[in-house]
Amino acid sequence: MSQDRRLIEDFLPIREISAEASREKSIRKGHISTLHLWWARRPLVASRAAVFGALVPAPKDDAERKALAQEVIDLCRWKVSDDAIARARQRILDANGGQPPKVLDMFAGGGSIPLEALRLGCEAYALDLNPVAHLIELCTLVYPQQYGPDLAKDVEKWGRWVLERVKAEIGDLYPPIPDRRRRPALSRKASN
Ligand SMILES: C[S@@+](CC[C@H](N)C(=O)[O-])C[C@H]1O[C@@H](n2cnc3c(N)ncnc32)[C@H](O)[C@@H]1O
């Protein structure tokens, strides 16, 4: 039997990871799920735990297991600290002869697993048969690295450009939907 036993085969703090993954579902800003809806997207913290757990060795004893469990709990938070990420990256490098491992997700969908592999310092590869998933993966994994922070300004600029042109050409066919947030609340008397 192979001696190459990994953390994921030994132990992961599932209860804590699940609680954090549930909280992640209600994040409305800064999460890749707000970029484009992808039904099967896995929570980022769970994907991070899976990638980390698959790349570092299993603990040798209970003391090491306890320490690693706390490290994984700290690592698998939505608001993860830079220290926790740096420690995890180092552990992965140490387990891989000092080289970033290559991680391939052949069914990458919304890209959670390759995104977390990138965050953990790996060389990530993503594939998907579905062209929508492929486009989401490009926008999540490739373009931000290729174009940097200016990408956000370009998306804003060209998004407005498209919107103005569409409004000019077919805007009269689609009356604007009133913004619910600006509608005055009905008083109790008026709504009865
Ligand atoms: C369960 S989803 C993956 C979800 C992904 N882990 C995430 O977090 O978003 C499975 C994906 O496999 C893709 N798929 C199915 N058959 C495939 C094939 N033969 N080659 C490549 N991708 C395939 C589907 O298009 C789908 O996006």
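A residue counts as near the ligand here if one of its heavy atoms lies within 4 Å of it. With that in hand, let's take a tour of this predicted model.

**View 1. The ligand and its shell of 14 residues.**
Among the residues around the ligand, R41, R42, G110, D128 and L129 come nearest. Sorted by class, the shell has six nonpolar residues, five polar ones and three charged ones.

**View 2. Polar contacts between the ligand and R42, D128 and L129.**
Look for the backbone of R42, where a polar atom sits 2.8 Å from an oxygen atom of the ligand. D128 takes part through its side chain, with a polar atom 2.7 Å from a ligand oxygen. L129 offers a polar backbone atom, 3.1 Å from a nitrogen atom of the ligand. On its own the ligand has 610 Å² of accessible area, and the protein covers 69% of this.

**View 3. The tilted aromatic pair of Y143 and Y147.**
The structure holds three aromatic pairs. In the one formed by Y143 and Y147, the rings are 5.9 Å apart, centre to centre, with 50 degrees between the planes. This angle makes the pair tilted, because stacked planes are under 30 degrees apart and edge-to-face planes over 60. Both tyrosines belong to helix α7 (residues 131-147), where they are four residues apart, about one turn of the helix. Residues three or four places apart in an α-helix point the same way, because the helix has 3.6 residues a turn. Y143 is partly exposed at 26% relative accessibility, and Y147 is partly exposed at 48%.

**View 4. The edge-to-face pair of W158 and W161.**
Here the ring centres of W158 and W161 are 5.5 Å apart and the planes meet at 70 degrees, so the pair counts as edge-to-face. Both tryptophans lie in helix α8 (residues 150-170), three residues apart, or about one helical turn. W158 has a relative accessible area of 45% and is partly exposed. W161, at 44% relative accessibility, is partly exposed too.

**View 5. Helix α6 and its buried residues.**
Which residues of α6 (residues 112-119) are buried? They are S112, P114, L115, E116 and A117. Their cover includes two helices, α3 (44-55) and α7, along with the strands β1 (102-105) and β2 (123-126). After α6 comes G121, which has a positive phi, near 85 degrees.

Technical notes:
Residues are numbered from 1 along each chain as its sequence is written. This is a predicted model: local features need pLDDT of at least 70, side-chain atom pairs count only at pLDDT 80 or more; totals for chains, interfaces and linings use all residues. Side-chain values use heavy atoms; hydrogens and water are left out. A polar contact is a pair of N or O atoms within 3.5 Å; within protein, one must be able to donate a hydrogen and the other to accept it, and residues adjacent in sequence count only if both atoms are side-chain atoms. Accessible areas come from the Shrake-Rupley method with a 1.4 Å probe; for residues, only the protein chains shown count as cover. Ala, Val, Leu, Ile, Met, Phe, Trp, Tyr, Cys and Pro count as nonpolar, Asp, Glu, Lys and Arg as charged, and the others, Gly among them, as polar. Rings of Phe, Tyr and Trp (its six-membered ring) pair if their centres lie within 6.5 Å; planes under 30 degrees apart count as stacked, over 60 as edge-to-face and the rest as tilted. Buried means under 20% relative accessible area, exposed over 50%, partly exposed in between (1.4 Å probe, protein chains only). Contact means heavy atoms within 4.5 Å.
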